[in-house]
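Here is a small set of exercises to work through with the model open beside you. Each task comes with a solution in steps, so try it yourself before reading on.

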Amino acid sequence: MLRLALVALIAVLAHATTPDNVSSRLMIHIPHSLFKESGYDHREALFGVPPYGGSIAQNVYYADSDLCDPNVDTRGGYPQRDNDKSGKMAPWPSPYILMVDRGGCTFVKKVRNAQRSGAAGVIIADTTCLCSDSDCISASGVPTCETSEPIMADDGSGSDISIPSFLMFKTDADAVKTELKANRPVQMEMAWSLPTPDDRVEYDLWSVPTDVVSRDFLNNFKNAAVSLGQKAYFTPHQYIYDGIRSHCQGNDGQNMCYNLCTNNGRYCATDPDNNLEQGISGADVVKESLRRICIWKHYGEQDGVGAQWWDYVVEFMSRCNTPDYFMNEDCVRDAYKHSGVDDSLIDRCMKDSGGLESDAPNAFLDLEISAQNARGVVVLPTAFVNTAAIRGALTVSNVFTAICAGYAAGTVPEICQKCVQCPDQAGCVASKGNCSAKGMNGGGVSTHTFTMSMLFVIVLFSGLGAWHYKKTREDMRDQVRGILAEYMPLEDQEAAGSPMDFARRGGSASLIS
């Protein structure tokens, strides 16, 4: 299984047009001597959340460190600053872009430490020349080089990264560091602009039925897909391993990867529970993938929304996404029923496309393999908007924001205008454009909620104040009555009249006898 995954990943990388489908731009505005009209070649991280449709233009500070230590020294680096009141060099003034050297730890760890220090963006300065860059090798005087371009991949822990980062190649990065070490300012701009061809955005999702990371997105994005309507066209893709290229089909036509593949080793998937003897098999994943492809063909391909497809995926994840029920036909039929899908239509589609049993090609699965090779899919799950890969966590907010940034000027849908700036985008979309947090400028509650809450607090404290005042008056009266009763002469208890008669007599009687 591991061999299958590695071979397939290598095959995908070999067919990728670029390592990470860069859709960003890196410019240097100051000093003018480093300005390039076309921008600087770079590689964008596969983690972090870029501001699609926007940019970050700030002064650059060089940490003069690999930034692998979480205790970042914000008072070091270049350009040097004046001392502050503490007598030490002032820290990097926020906001800023931080340049750090490559090496020593993962890209994610460096960017996380930079994020904690207050950086708005990160530039990783490559420290090794590409073997194809003879000028870099000659200038560095070091024969060591790397044969392939680096990919700023996620190490599996990058979901908490919220700032963007680029990798800058050695020759260009060295020029920037030279300026900074000479204590001269450098201003960079990191920009992201999605292709905006027309008034309709096309977006894709590459995943597998057993993927855990995309589960929350699949459960919650239907409202956005429906709200965007004909202004956006969605295409869900299922990632299929090419069994023939991975040598899962032997020279004699035998399936060498057993229950990881269908069609006698032609189409494969990894075992989600890493147990070839029991549980969900790779062949089960391929079958569910083909089922979802067929559901989309009949219920989503025409309008690009596919409400029934979203419903089926949600129902399947809720009812059948366990080892005991994943391939249970009754459970699948139940998911069909609750999502309004015609089971006979899907069964016929799966069979007519080539099926999964015989040693024969399946037309739909072949199309998926061709598409994933052409697109250069490296990481799962991956979303694309207008062919540009979306970085950061696969969330409703990130994808919705990227879609809304992909429209040509003057064609942005009303739902985007109402909800893209809303702190609770999913809630805004679900309520058809009513942003419940609009009046608080991103503070988390609406003006109506805030006003009602304040009114409730005022009424509550007013009531408590009135009760306290009333209780205090009653206590004071009780104390006065107690004092009067204590000093009242006992021998006058039988006398008629007011208890205050004793006081009026001038106090001629003894108080102690």
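**Exercise 1. Find the residue with a positive phi in the hairpin of S15 and S16, then work outward to the strands on either side.**

Start at the turn of this predicted model. The hairpin has 2 residues between its strands, and Asn-386 takes a positive phi near 50 degrees.

Next, look at the pairing. S15 (residues 382-385) and S16 (residues 388-389) run antiparallel and are joined by 2 bridges. Val-385 stands opposite Ala-388 in S16.

Now turn to the other partner of S15. Strand S10 (residues 201-207) pairs with S15 over 4 bridges, in the antiparallel sense. Here Tyr-203 has Val-385 as its bridge partner.

Finally, check the side chains. In a regular strand they alternate between the two faces of the sheet. In S15, Thr-382 and Phe-384 point one way, Ala-383 and Val-385 point the other way, and all are buried.

**Exercise 2. Decide how far strand S4 (residues 97-101) is enclosed, and name the strands bridged to S4.**

Count the buried residues to begin with. They make up 5 of the 5 in S4, so the strand is largely enclosed by the rest of the structure.

Then take the faces one by one. Ile-97, Met-99 and Asp-101 lie on one side, Leu-98 and Val-100 on the other, and both faces are covered.

Last come the neighbours. S3 (residues 55-62) runs parallel to S4, with 3 bridges between them, and Tyr-62 has Met-99 as its bridge partner. S5 (residues 121-125) also runs parallel to S4, through 5 bridges, and Ile-97 is partnered there by Gly-121.

**Exercise 3. Work out how helices H7 and H8 are oriented to each other, and what kinds of residue make their contact.**

Take the geometry before the chemistry. H7 and H8 (residues 307-319) pack with their axes 8 Å apart, at an angle of about 150 degrees. Angles over 145 degrees count as roughly antiparallel, so H7 is roughly antiparallel to H8.

Now list the contact residues. H7 contributes Glu-288, Arg-291, Arg-292, Ile-295, Trp-296 and Tyr-299, while H8 contributes Ala-307, Gln-308, Trp-309, Tyr-312, Val-313 and Phe-316.

Sorting them gives 8 nonpolar, 1 polar and 3 charged residues.

**Exercise 4. Locate the residues that touch the most other members of the largest nonpolar core, and follow one of them outward.**

A general tendency helps here: in soluble globular proteins, nonpolar side chains tend to be buried together.

The largest core holds 84 residues, and Met-168, Met-188, Phe-221 and Phe-400 touch the most other members. Helix H7 (residues 282-299) gives the most to this core, with 8 residues. Apart from this core lies another one, of 23 residues, including Phe-47, Ile-161, Leu-167 and Phe-169.

Now follow Met-188. Leaving aside residues up to four places away in sequence, its contacts include Ile-56, Ala-57, Ile-97, Met-99, Ile-123 and Met-168.

**Exercise 5. Is Asn-398 buried or exposed, and what does Asn-398 touch?**

First place the residue: Asn-398 lies in helix H12 (residues 396-404).

Then apply the cut-off. Buried means under 20% relative accessible area, and Asn-398 has 14% relative accessibility, so Asn-398 counts as buried.

For the contacts, again leave out residues up to four places away in sequence: Asn-398 touches Val-49, Gly-392 and Ala-393.

How values were computed: Residues are numbered from 1 along each chain as its sequence is written. This is a predicted model: local features need pLDDT of at least 70, side-chain atom pairs count only at pLDDT 80 or more; totals for chains, interfaces and linings use all residues. Side-chain values use heavy atoms; hydrogens and water are left out. A nonpolar core is a set of buried Ala, Val, Leu, Ile, Met, Phe, Trp, Tyr and Cys residues joined through side-chain atoms within 4.5 Å. Buried means under 20% relative accessible area, exposed over 50%, partly exposed in between (1.4 Å probe, protein chains only). Contact means heavy atoms within 4.5 Å. Axes are lines fitted to C-alpha atoms, for helices over the stretch in contact, and angles run from 0 to 180 degrees between N-to-C directions. Angles under 35 degrees count as roughly parallel, over 145 as roughly antiparallel, 65 to 115 as roughly perpendicular and the rest as oblique. Ala, Val, Leu, Ile, Met, Phe, Trp, Tyr, Cys and Pro count as nonpolar, Asp, Glu, Lys and Arg as charged, and the others, Gly among them, as polar. Two strands pair if DSSP finds at least two bridges between them.
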